Amino acid sequence: MFKLPQDATKTMLAVHGWSGVLLGLLLYAVICTGVAAVFATEIDDWASPMSRGDTVAFGPGLDNALRHLAGAVDSQFHEEVAIWRGAGGRVNMLFHRHEIGPDGKSTERGVEFELDPATWEVLDRREGWYEDIEAQRTPSGIAAFLVDLHVRLHIPEPYGLIVTGVLGLAMMVAAVTGLVIHRHLLKDLFTLRVGRDPVLRRRDLHVVAGSWNLPFAFILAFTGSFFSFATTVGLPMVAAVKFDGDQEAVIETLYGTARAEDTRSASSAAIVPMLADVRARSGAEPNFVSVEHFGRADSTATIFTVLPRDRLVYTSHLYDGVTGEYLRERPPLGNEASLGAALVGLMYPLHFGHFAGTASKAVWVALGFAGAYVTFTGMLLWTRRRAEQPGWRAMTRAVYCVGYGLPLALVVAPYAFFVLRGHDIPPGTSQGVVFLAVVAIAAVATVGVASLDRLRSAFLAATGVALLGLPLVRMITGGPGWSEAWQAGIGTVLALDVALLVAGTACIGFSRAGVMPVATVPHAGPGGTPRVDSKASLQ
Amino acid sequence: MTAACMIAVLVSGGLLALLGWQDPKRLRNRPQRAVLEDGTPVFGQGTRRLLGWLVLLPGIALAIAGQWWGVLVWLGATCTLGWIIAQVLDGHSRSWS
């Protein structure tokens, strides 16, 4: 598409390759976990279903539960009450206040209740700093582990977010340079050369996948970087420039205070009628309620919904917390609708792909899978072309280790969740230990095995077996069987079990095939000595 | 996903399959190159260009109808289908495992 001078093309190719290969392993991890995180809600519902699948999270009885539990916690935590739909349709109710945490950073402290929406029985009670409460949320343990790995690679804030933001930038650079250096983007959309030089073949596989995925690679990288940098770089920068470093002042300026402060006591309006009003106004189901200054005269309630049908930008609805009167619709940013607010609001559906239910999520998963494939094949292409150098041979092994070992570790980690659920170990810790153990085993295997093809087959087969075993271990550890799930209307359990069985079977199938018996590609033996295999896998 | 969006994806996917099936560069690079006996593709350049623009038409229609979420689903699904078609037509689906 673009005709650049030869030197410029070479430079661009170098930028493209280095931007990918330097951060590609981490980027691959972020993309793989992002693919799974698209279905985070469904994973929660699958791992920790309630006894009935059709329970409405915010049904009648919510107000009684709210008032009852408000009386059971210290009134200092009435500063804000967050209520949302948790795993399996549970209702999570967090009474909290905003404080400076032990590490000197702004955070929350309070008490969280986990409720059964059918009976309003308290299923669990957690208290402390927000991070501690979050770590104890067992029902959403699997998705939380995946999301945390995707968002910050389990690196402490703010460094984890900065790292993933940089990875997003690297992905954008790779996407843009990939577009620029590819002269025949449209002509080559279906060109996969067969039976010729295996290097050309690998290049074609990478380029074809990259070309089809190009628009979304840019979109996902841009929106991901936005989310990573918004609070770690953008907010502090604006605060430092204009607000003497006061980030709370920036937020207050952006969103405004809902009402003038009035600390007098007042009875709170019922939430359930507000929820009905929101359903009528938006045509969408509420999924998050925030009540500020519960029990005070200046109380307000803000209600968020899933994205209404045919809309891409979410809004929220503000109510008087004492009278229940509807005050106004709030855009994603600021108090009035604006282009900036719309653009900020657009970031969410573009990144999460949750704007049209399962259909858009499935498409986003496919696009994410393509992104992971492009990253993986790109790294292999780059390292194998330099296979005569020992350092790059080692890198090829590292790419195999992460490329096939990481999905295996991600699939095995939930076993720890199921087996150790009910014990005192937080789900993030148990899964983290197992995840790291599998990664370590994969690394040792990668160093010790002579044939990378065999390693690839073994990793794929192991991933397939682990996928096939997940529904079984879910049922053995107390989860509903298929008949029980069917009768209770918990469709997510059945759907994800079937998806896991299909994916597992596919992995085992791929493990038994997939090598091209024509290539002769040198690669490192266990001692770093160059070896030549009679056959080598394409990827 | 509404019926309109699904139809849009199917139409664009079908057109992409036609384009891929008769893609001249793909045919030139096949080990057994003959689709027709003389190895030339069925569609001429003008037809391929027309099909290429027609691929975009369902998405444009969704945009005109104001279904922006549908445009995104259509675009994502069409790109995914394009990739899958390229792999399937290649006949070496095992190679991308």
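This report walks through the domains of chain A, one contact between them, a hairpin and a few unusual backbone spots. Keep in mind that the model is predicted.

**Domains and a shared face**

Let's start with the big picture. The domain assignment splits chain A into domain 1 (1–53 + 139–255 + 353–385), domain 2 (56–117 + 257–333) and domain 3 (389–539). So much for the bounds; now for how two of these domains meet. Taken over C-alpha atoms, the centres of domain 1 and domain 3 of chain A are 21 Å apart. On the domain 1 side, 29 residues are in contact with 31 residues of domain 3 of chain A. Which elements of domain 1 give two or more residues to that side? They are α1 (6–37), α2 (40–47), α5, α7 and α11 (357–385) of chain A. As for chemistry, the residues on this side of domain 1 of chain A come out as 16 nonpolar, 7 polar and 6 charged.

**A hairpin**

Next up is a pair of strands. β7 (residues 316–320) and β8 (residues 326–330) of chain A run antiparallel to each other and pair over 4 bridges. One residue pair to look at is Y319(A), whose bridge partner in β8(A) is Y326(A). Together β7(A) and β8(A) make a hairpin, with 5 residues between them. In the turn sits G324(A), with a positive phi of about 80°.

**Odd backbone angles**

As a rule, most residues other than glycine have a negative phi, and most peptide bonds are trans. Here are three places in chain A that go the other way.

| Site | Angle | Loop in chain A |
|---|---|---|
| W120(A) | phi about 60° | between β3 (106–115) and β4 (122–129) |
| D244(A) | phi near 55° | between α7 (198–242) and α8 (247–255) |
| E157(A) and P158(A) | omega about 0° | P158(A) between α5 (141–152) and α6 (159–181) |

The bond joining E157(A) and P158(A) is a cis peptide bond. W120(A) and D244(A) are the positive-phi cases: W120(A) is not a glycine, and D244(A) is likewise a residue other than glycine.

How exposed are these two? W120(A) has 18 other C-beta atoms within 10 Å, so it counts as partly exposed; the buried class needs 20 or more. D244(A) has 8 other C-beta atoms within 10 Å, and therefore counts as exposed, since that class takes in residues with 12 or fewer.

Technical notes: Residues numbered from 1 in each chain as written. Chains lettered and ligands numbered in written order. Predicted model: local features only at pLDDT ≥ 70, side-chain atom pairs only at ≥ 80, totals over all residues. Pairing = 2+ DSSP bridges. Domains from an automatic or database assignment. Contact = placed C-beta atoms within 7 Å. Nonpolar A, V, L, I, M, F, W, Y, C, P; charged D, E, K, R; others polar.
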